[in-house]
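Take a look at the chain below before reading on. The text walks from its charged side chains to its surface patches and then to a few single residues.

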Amino acid sequence: MLAIGYFPTYLLGSATAAQLAHYIKKDIPDFDEKVEKGEFSEIKAWLTNKVHRHGQRYKSLDDLLEDQLGEKLNPAYFIDYLTEKYTELYKC
């Protein structure tokens, strides 16, 4: 079976994750240290407040992000993530 529809779904999820990571780091400046220590309670609370508790309240992902973060899905955060990751990895 050819499942061509999965790639866009994964891409949207990755772009959304990068944008959420940007905003969570603004609200929780020591985000990376908490993850390294396995301290997820504050991160889980943030995600619950901003995303999970809303369920199907919004008609679209853009509506959720705009209401909770102040902007619609913005691919710039994912591009920044990839640029930083691969520039460091390949020393370019």
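What follows is a short tour, starting with the salt bridges. Keep in mind that this is a predicted model.

How many salt bridges does the structure hold? There are 3. Side chains of opposite charge can pair when their charged atoms come close. Lys25 pairs with Asp32 in one of these bridges. The closest N and O atoms of Lys25 and Asp32 lie 3.7 Å apart. That distance counts as a salt bridge because the cut-off is 4 Å between a side-chain nitrogen of Lys or Arg and a carboxyl oxygen of Asp or Glu. Lys25 is partly exposed, at 38% relative accessibility. Asp32 is partly exposed too, with a relative accessible area of 38%.

Now turn to Lys34. This residue belongs to helix α2, which covers residues 31-37. Which residues are linked with Lys34 in a network of salt bridges? They are Asp30 and Glu42. The Asp30 side chain meets Lys34 at 3.7 Å, N to O. The Glu42 side chain meets Lys34 at 3.2 Å, again N to O.

Is Lys34 buried or exposed? Lys34 counts as buried, because its relative accessibility is 14% and the limit for buried is under 20%. Its two partners have other values. Asp30 is partly exposed at 34%, and Glu42 is partly exposed at 37%. Contacts add to the picture around Lys34. Leaving aside residues up to four places away in sequence, Lys34 touches Ile28, Glu39, Glu42 and Ile43. Glu42 thus appears both in this contact list and as a salt-bridge partner of Lys34.

Next come the surface patches. Which residues form the negative one? Asp62, Asp63, Glu66 and Asp67 do. Asp63 sits in helix α4, made of residues 61-69. With a relative accessible area of 31%, Asp63 is partly exposed. Asp63 can be part of a patch because the cut-off there is over 30% relative accessible area, with no salt bridge.

A second patch is nonpolar. Tyr86, Leu89 and Tyr90 form this patch on the surface. Together they have about 350 Å² of accessible area. Tyr90 lies in helix α5, which spans residues 76-90. At 58% relative accessibility, Tyr90 counts as exposed, because exposed means over 50%.

Helix α5 also contains Ala76. Ala76 is partly exposed, with 32% relative accessibility. Where does Ala76 stand relative to Ala18? These two residues are 58 residues apart along the chain. Their C-alpha atoms are separated by 9.0 Å.

The last stop is Thr16. This residue is placed in helix α1, residues 6-27. Is Thr16 buried or exposed? Thr16 counts as buried, because its relative accessibility is 12% and buried means under 20%. What does Thr16 touch, not counting residues up to four places away in sequence? Its contacts are Leu61 and Leu73. Leu61 falls at the start of the range of helix α4, residues 61-69.

To recap, Lys34 is buried and is linked with Asp30 and Glu42 in a network of salt bridges. Asp62, Asp63, Glu66 and Asp67 make up the negative patch, while Tyr86, Leu89 and Tyr90 make up the nonpolar one.

Note on methods:
Residues are numbered from 1 along each chain as its sequence is written. This is a predicted model: local features need pLDDT of at least 70, side-chain atom pairs count only at pLDDT 80 or more; totals for chains, interfaces and linings use all residues. Side-chain values use heavy atoms; hydrogens and water are left out. Patches are made of residues with over 30% relative accessible area and no salt bridge: like charges are joined within 9 Å, nonpolar side chains (Val, Leu, Ile, Met, Phe, Trp, Tyr) within 5 Å. Accessible areas come from the Shrake-Rupley method with a 1.4 Å probe; for residues, only the protein chains shown count as cover. Lys and Arg count as positive and Asp and Glu as negative; His and the chain ends are not counted. The place of a charge is taken as NZ of Lys, CZ of Arg, CG of Asp or CD of Glu. Helices (H or I, at least four residues) and strands (E, at least two) are DSSP runs, numbered from the N terminus. Buried means under 20% relative accessible area, exposed over 50%, partly exposed in between (1.4 Å probe, protein chains only). Contact means heavy atoms within 4.5 Å.
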